[in-house]
Amino acid sequence: MTETGNGGRDNSGGVRSGSRVMRTCLGCRGTFSQDQLVRYVLSPDGDLLVDYRGKLPGRGAYTCIHRDCIRQAVQRRQFQRSFRTPPREVDGNHLIASLEEQILKRILALLGMARKSSCAVSGTQAVVCGFEGGEQFRIVFLASDMSSDIADKVRYKAGLAGVSCYSFFDKGTMGRITGKSESSVVGVRNLPLAEAIRIELLRLEQISGES
Ligand SMILES: [Zn+2]
């Protein structure tokens, strides 16, 4: 935990540094660019909501996208202090689960964008053949419920090409994104989109405590 010496500024006040709005994490008290933090707002009913995309109206509170910071903010009752009307109930596990869910949704949205811009290849055979043909995939998703033998085969091909494989979604979910009923393997070849997905995956690790 670090004190950053904010000169008496309260939690709600954003301070500009260049063009970026800086906010204080309620957990570690560090000051970061707002786009590196997760925002929380109060619902009209007084429930504390995770506003991962920063789109919900109202006064916001912020933490790092890290489970330790969320837990610390909850333990020290910082959310209660950040709003004029304190939230009804603050459950760290619930906040973490909600944040995980929103990050996964964001990854699916990015995969959908990759698909719409023809930067995603769907299907085991198409991805394996792609690797064999020198296709430059940047990231590969394997369905969580696909056959482990086939998953190993794709992982092997990806490993030879130095591409990481991730498994978060089932075949049905990946199918919905790629316009099929089911999809076991999706390869993304667009670098900026793959990088955007990678940032979300890193955040997911920091939230699930696997980093
Ligand atoms: Zn923090």
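**Exercise 1. Strands β8 and β9**

Task: In this predicted model, which residue of β9 is the bridge partner of Val 140? And in which sense do β8 and β9 pair?

Solution:
- Start at Val 140 and look across to β9: its bridge partner there is Cys 165.
- Now zoom out to the two strands. β8 and β9 (residues 164-166) run in the parallel sense, paired over 3 bridges.

**Exercise 2. Two faces of one strand**

Task: Are the side chains of β8 on its two faces buried or exposed?

Solution:
- Recall a handy rule: side chains in a regular strand alternate between the two faces of the sheet.
- Sort the residues of β8 (139-142) by side. Ile 139 and Phe 141 sit on one side, with Val 140 and Leu 142 on the other.
- Check each one: all four of these residues are buried, and both faces of β8 are covered.
- For context, 43% of the 211 residues of the chain count as buried.

**Exercise 3. Two hairpins in a row**

Task: How many bridges join β1 to β2, and how many join β2 to β3? Which residue takes a positive phi in the hairpin of β1 and β2, and which in the hairpin of β2 and β3?

Solution:
- Take β1 (residues 15-17) and β2. They run antiparallel and are joined by 3 bridges. In this pair, Arg 16 stands opposite Val 21.
- Look at the turn of that hairpin. There are 2 residues between the strands, and Gly 18 has a positive phi near 65°.
- Move on to β2 and β3 (residues 31-33). These strands are antiparallel too, with 3 bridges between them. Here Met 22 stands opposite Ser 33.
- This hairpin has 6 residues between its strands, and Arg 29 takes the positive phi, near 70°.

**Exercise 4. Positive phi in loops**

Task: Where do Arg 77 and Ser 118 lie, and what are their phi values?

Solution:
- Keep the background in mind: most residues other than glycine have a negative phi.
- Arg 77 goes the other way, with a positive phi near 55°. Find Arg 77 in the loop between α1 (67-75) and α2 (78-82).
- Ser 118 also has a positive phi near 55° and isn't a glycine. Ser 118 lies in the loop between α3 and β7 (120-122).
- What about accessibility? Arg 77 has a relative accessible area of 49%, so it is partly exposed, since exposed would take over 50%. Ser 118, with 49%, is partly exposed as well.

**Exercise 5. Cysteines and disulfides**

Task: How many disulfides does the structure hold? Are Cys 25 and Cys 69 buried or exposed?

Solution:
- Count the disulfides: there are 0.
- Test Cys 25 against the cut-off. Its relative accessibility is 0%, and buried means under 20%, so Cys 25 is buried.
- Do the same with Cys 69: a relative accessible area of 8% makes this residue buried.

**Exercise 6. The largest pocket**

Task: What is the volume of the largest pocket, and which residues are closest to its centre?

Solution:
- Begin with the volume, which is about 310 Å³.
- The lining has 19 residues, and those closest to the centre are Gln 34, Asp 35, Leu 37, Tyr 52 and Arg 53.
- Sort the lining by class: 8 nonpolar, 3 polar and 8 charged.
- Trace where the lining comes from. At least two residues come from each of β2 (20-24), β4 (37-42), α3 (92-116) and α7 (191-208).
- Finally, go up to the domains: domain 1 (15-90) and domain 2 (101-208) each supply at least three lining residues.

**Exercise 7. The second largest pocket**

Task: Why does the second largest pocket lie between domain 1 and domain 2?

Solution:
- Its volume is about 200 Å³.
- Read through the lining, which includes Phe 32, Cys 64, His 66, Ile 199 and Arg 203.
- α7 gives the most to this lining, namely 4 residues.
- Both domain 1 (15-90) and domain 2 (101-208) contribute lining residues, so the pocket lies between them.
- As an extra, the classes here are 6 nonpolar, 3 polar and 2 charged.

**Exercise 8. Across the chain**

Task: What distance separates the C-alpha atoms of Arg 81 and Tyr 156?

Solution:
- Locate Arg 81 in helix α2. Arg 81 is exposed, with a relative accessible area of 57%.
- Tyr 156 is 75 residues apart from Arg 81 along the chain, and their C-alpha atoms are separated by 51 Å.
- Set that beside the box that the C-alpha atoms of the chain fill, roughly 60 × 35 × 30 Å along the principal axes.

Technical notes. Residues are numbered from 1 along each chain as its sequence is written. This is a predicted model: local features need pLDDT of at least 70, side-chain atom pairs count only at pLDDT 80 or more; totals for chains, interfaces and linings use all residues. Side-chain values use heavy atoms; hydrogens and water are left out. A disulfide is a pair of cysteine sulfur atoms within 2.5 Å. Buried means under 20% relative accessible area, exposed over 50%, partly exposed in between (1.4 Å probe, protein chains only). On a 1 Å grid over the protein atoms alone, a cavity is a set of points where a 1.4 Å probe fits but cannot get out, and a pocket is an open set with protein on both sides within 12 Å along at least five of seven lines; lining residues have an atom within 4 Å of a point. Grid points are joined across faces, edges and corners, and a volume is the space filled by probe spheres set on the points. Ala, Val, Leu, Ile, Met, Phe, Trp, Tyr, Cys and Pro count as nonpolar, Asp, Glu, Lys and Arg as charged, and the others, Gly among them, as polar. Domain bounds come from an automatic or database domain assignment. Two strands pair if DSSP finds at least two bridges between them.
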